[in-house]
Amino acid sequence: MSGPPGLGWQCPARDSVAQVGVYFDAATAMPPHPVARQAFLAALDDGWADPGKLYTPARRARRLLDAARATVADVLGVRPDELHFTAGGTDAVRRAVSGVRKARDLCRVVHSAVEHSAVIKAAGADATAVPVSLTGRVDLDALQKALDSPEVALAAVQSANHEVGTLQPVEAAASLCAAAGVPLLVDAAQSIGHAPLPTGWSLLAGSARKWGGPAGVGVLAVRKGTRWEQPWEPPADVPAVVAAAASLRAVHAEAAAEAVRLSALVDEIRTTVAATVPDVEIVGDPVERLPHIVTFSCLYVDGEVLLHALDRAGFAVSSGSACTADTLQPSHVLAAMGVLTHGNVRVSLHSGVTADDVRRFLAVLPGLVADVRAEVGM
């Protein structure tokens, strides 16, 4: 095998991924791509030393790290020296926000009302939340108005929504930000490895666990010319970074074909659920969306009860925000869209999901919803 070990592995068959039941929660974390494990184990031999040192084992680790950086940068369409590895997607967002605030000596953040909770928490209580449409797309007129302030340090508009899959008008938002002299942060966690990335941004964040890489690895790309200071430098987990890079390269190679296949399955879910489940609302944009995410809300249904019923039937799905479901609070995304916030189910697919898996889910769903409603007398 030529080149640094860990980055030259060929992708084995996806059916080698062990699953229990059918996993429909790829938007929270993709099942580990087979190549990630192989790359990680290969990199352990040469990537265990501190890549910042000068002795021979450290230089081997540095070569692996540099190769991983070049691989990820190529997929994201950035220069290697614009790419930073972080301790995860949340860490990438925090670094982006704090680094811009420090460099610009400004604090206020403007963000869409449907950003991931990591962005909202990093932005703080004094941030300006920009409203969205019924399908979840940011209101560009409201964004332009919010940017009209000398106190704004940063704007944040995600590439696509993590709960309903709606694509955001990032290029248009980037034009508004450029005119206002405000850098734009794009949380692209749900898009990387699934859909073409938008352009025009200043900073872009992602998470390896969303594309089948290991947890604990994130990426932050900062375009040259963006005023940003590195808040702190994390130690590099070289084997994990190598695994993340190898899995991203493999997923990226499959992305176009998978997008077509998964989008057709999502269309089937949208159509069949609307036809077979009474009092249901399919949320998100039906066309301008990610290929693998669909969310629907069932009236008169406790979402947590329905999720448990689906789990017993062998289907792992999510409800509401993946990061706040345990708080039992309504989804801030669905609330901002003005749609039903309870009884919602998010189905997010991956390359290990088959058409038969989806059709078995669609066959059992109506009966489960009816049973849950019957328990509360509906």
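Start by selecting E268, which counts as partly exposed at 23% relative accessibility. On this scale, buried means under 20% relative accessible area, exposed means over 50%, and partly exposed falls in between, using a 1.4 Å probe and protein chains only.

A word on the model before moving on. It is predicted: local features need pLDDT of at least 70, side-chain atom pairs count only at pLDDT 80 or more, and totals for chains, interfaces and linings use all residues. Residues are numbered from 1 along each chain as its sequence is written, and side-chain values use heavy atoms, with hydrogens and water left out.

**Stop one: salt bridges**

Twelve salt bridges are counted. Each is a side-chain nitrogen of Lys or Arg within 4 Å of a carboxyl oxygen of Asp or Glu. Side chains of opposite charge can pair when their charged atoms come close.

Keep E268 selected and add R359. Their side chains form a salt bridge, 2.9 Å from N to O. E268 sits in helix α7 and R359 in helix α10, 91 residues apart, so this pair links distant parts of the chain. Helices (H or I, at least four residues) and strands (E, at least two) are DSSP runs, numbered from the N terminus. What is the exposure of R359? R359 is partly exposed, at 44% relative accessibility. Now select R79, D81 and K224: salt bridges with shared partners join these residues into one network.

Go back to helix α7, which covers residues 238–276. Pick R261 and E258. They are three residues apart in that helix, about one turn. Their side chains meet in a salt bridge, 3.0 Å from N to O. Is E258 buried or exposed? E258 is buried, with 19% relative accessibility. R261 is partly exposed, at 28%.

Next, select D25 and R346. These residues form a salt bridge whose closest N and O atoms are 3.0 Å apart. The pair links distant parts of the chain: D25 is in the loop between β1 and α1, R346 is in strand β12 (residues 344–348), and their positions lie 321 residues apart. D25 is buried, with a relative accessible area of 12%. R346 is buried too, at 1%.

**Stop two: aromatic rings**

How many aromatic pairs are there? The count comes to three. Select F24 and F315. Their ring centres are 5.9 Å apart and their planes are at 20°, so this pair is stacked. The pair links distant parts of the chain: F24 is in the loop between β1 (22–23) and α1 (34–46), F315 is in strand β11 (residues 315–316), and they are 291 residues apart. Both F24 and F315 are buried.

Swap F24 for F361. The ring centres of F315 and F361 are 5.5 Å apart and the planes are at 70°, so this pair is edge-to-face. This pair also links distant parts of the chain, with F315 in strand β11 and F361 in helix α10 (residues 355–375), 46 residues apart. F315 and F361 are both buried.

The rule behind these labels: rings of Phe, Tyr and Trp (its six-membered ring) pair if their centres lie within 6.5 Å; planes under 30 degrees apart are stacked, over 60 edge-to-face, and the rest tilted. Show F24, F315 and F361 together: ring pairs link them into a cluster.

Now select W201 and R223. The charged end of R223 sits over the W201 ring, 4.4 Å from its centre. This label requires NZ of Lys or CZ of Arg within 6 Å of the ring centre and within 35 degrees of the ring normal.

**Stop three: the largest cavity**

Select G193, H194, V251, E258 and L262. Of the 16 residues lining the largest cavity, these lie nearest its centre. E258 is the buried residue from the R261 salt bridge. By class, the lining has seven nonpolar, six polar and three charged residues.

**Stop four: two backbone angles**

Most residues other than glycine have a negative phi. Select D105. Its phi is positive, near 55°. D105 lies in the loop between α3 (89–104) and β3 (108–112). Its relative accessible area is 68%, so D105 is exposed.

Finish at D279. D279 has a positive phi of about 55° although it is not a glycine. Where is D279 found? D279 is in the loop between α7 and β9 (280–283). At 46% relative accessibility, D279 is partly exposed.

Methods. On a 1 Å grid over the protein atoms alone, a cavity is a set of points where a 1.4 Å probe fits but cannot get out, and a pocket is an open set with protein on both sides within 12 Å along at least five of seven lines; lining residues have an atom within 4 Å of a point. Ala, Val, Leu, Ile, Met, Phe, Trp, Tyr, Cys and Pro count as nonpolar, Asp, Glu, Lys and Arg as charged, and the others, Gly among them, as polar.
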